Amino acid sequence: MILGEDSSNVILFFMIYMPSPNYNDRPAGMAITSLIIHYTGMKSAEDALQRLCDPHSQVSAHYTIHEEGTVYQHVETRYRAWHAGLSKWKDLENFNDFSIGIELVNPGYEHGYRDFPNVQIESLLKLIRDLYSIYPIRPDLVLGHSDIAPDRKRDPGHLFPWQRLIQENLAIRP
Ligand SMILES: [Zn+2]
């Protein structure tokens with residue numbers, strides 16, 4: 001799918017719109033083929049949501065999924081959210097250009113890393129299935145932040161249940 005042909009936003013019934021100013025245009029004609037999974041790595045969900053929407057932070061993601069399963073949308077998927085930073089995977093770089101960034105609320109290794117609750121993962125799976133129905137997502141490009149920025153990032157970490165995604169053919173792990 002060529003960007004621009006689809007001006008629709010992904011709205012799901014359990015989604016809360018909490019806009020972030022931290023985005024820009026994707027490169028013209030760039031298809032969305034990748035999903036990048038993150039954890040928020042902050043003490044609380046409130047802190048994380050505030051940071052993702054703070055113009056001074058210069059970071060964002062398209063979605064944040066709360067541990068209770070609620071999905072927040074910060075940036076419309078047709079725009080380029082700022083979640084990946086310097087990134088590289090095989091012959092691909094600049095993942096922000098062609099990916100959708102999904103944050104999972106979790107304090108992360110620095111603030112008390114813990115299991116991702118099942119309800120949170122269920123919401124993630126539903127969101128990913130919906131995104132597959134809209135965009136030409138490649139299962140081999142459904143990756144963690146640590147895959148594309150291994151020197152800087154550890155999220156989503158060893159507790160993230162990749163197996164759940166693999167079972168549903170939503171991801172292929174390297
Ligand atoms: Zn990240």
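This section describes the zinc site, the central sheet and the salt bridges of a predicted model.

The zinc ion is coordinated by three side chains, with ND1 of His38, ND1 of His145 and an OD atom of Asp155 serving as donors at 2.0 to 2.1 Å. Along the sequence these donor residues follow the spacing H-x106-H-x9-D. The two histidines link distant parts of the chain, since His38 belongs to strand 3 (residues 34-39) and His145 to helix 3 (residues 145-148), 107 residues apart. Both histidines fall below the 20% limit under which a residue is taken as buried: the relative accessible area of His38 is 1%, and that of His145 is 4%.

The burial of His38 is shared by the strand that carries it, because six of the six residues of strand 3 are buried, and the strand is therefore largely enclosed by the rest of the structure. The cover extends to both faces of strand 3, with Ser34, Ile36 and His38 buried on one side and Leu35, Ile37 and Tyr39 buried on the other.

Strand 3 is part of an open sheet of six strands, arranged in the order 1-5-4-9-3-10 and with mixed pairing. The edges of this sheet are formed by strand 1 (15-17) and strand 10, each of which pairs on one side only, and the twist from one strand to the next averages 25°. Strands of a sheet pair through backbone hydrogen bonds, in either a parallel or an antiparallel manner. Strand 3 runs parallel to strand 9 (residues 99-104), to which it is joined by six bridges; within this pairing, Ile37 has Ile102 as its bridge partner. Strand 3 also runs parallel to strand 10 (residues 142-144), here with three bridges, in which Ile36 is partnered by Leu143 and Ile37 by Gly144. Ile37 thus has a bridge partner in strand 9 as well as one in strand 10.

Helix 2 (residues 118-134) lies across strands 1, 3, 4 (63-65), 5 (71-73), 9 and 10, and it runs at about 170° to strand 9. With angles taken between N-to-C directions on a scale from 0 to 180 degrees, the value of about 170° means that helix 2 and strand 9 point in nearly opposite directions.

Eight salt bridges are counted in the model, and helix 2 contributes to the two considered next. Within the helix, Asp130 pairs with Lys126, the closest N and O atoms lying 3.4 Å apart; because these residues are four positions apart in helix 2, about one helical turn separates them. Lys126 is partly exposed, at a relative accessible area of 27%. The second salt bridge joins the side chains of Arg129 and Glu168, with an N to O distance of 2.9 Å. Since Arg129 lies in helix 2 and Glu168 in the segment after helix 4 (162-167), this pair ties together parts that are 39 residues apart in sequence. Both partners are partly exposed, Arg129 at 36% relative accessibility and Glu168 at 33%.

A further salt bridge is formed by Arg138 and Asp140, whose closest N and O atoms are 2.8 Å apart. Arg138, with a relative accessible area of 38%, is partly exposed, and so is Asp140, with 29%. The partly exposed state of Arg138 and Asp140 contrasts with the buried state of the zinc donors His38 and His145.

Conventions
Residues are numbered from 1 along each chain as its sequence is written. This is a predicted model: local features need pLDDT of at least 70, side-chain atom pairs count only at pLDDT 80 or more; totals for chains, interfaces and linings use all residues. Side-chain values use heavy atoms; hydrogens and water are left out. A salt bridge is a side-chain nitrogen of Lys or Arg within 4 Å of a carboxyl oxygen of Asp or Glu. Buried means under 20% relative accessible area, exposed over 50%, partly exposed in between (1.4 Å probe, protein chains only). Donors are N, O and S atoms within 2.8 Å of the metal (3.2 Å for Na, K and Ca); water is not among the atoms, so sites may look incomplete. Two strands pair if DSSP finds at least two bridges between them. Contact means heavy atoms within 4.5 Å.
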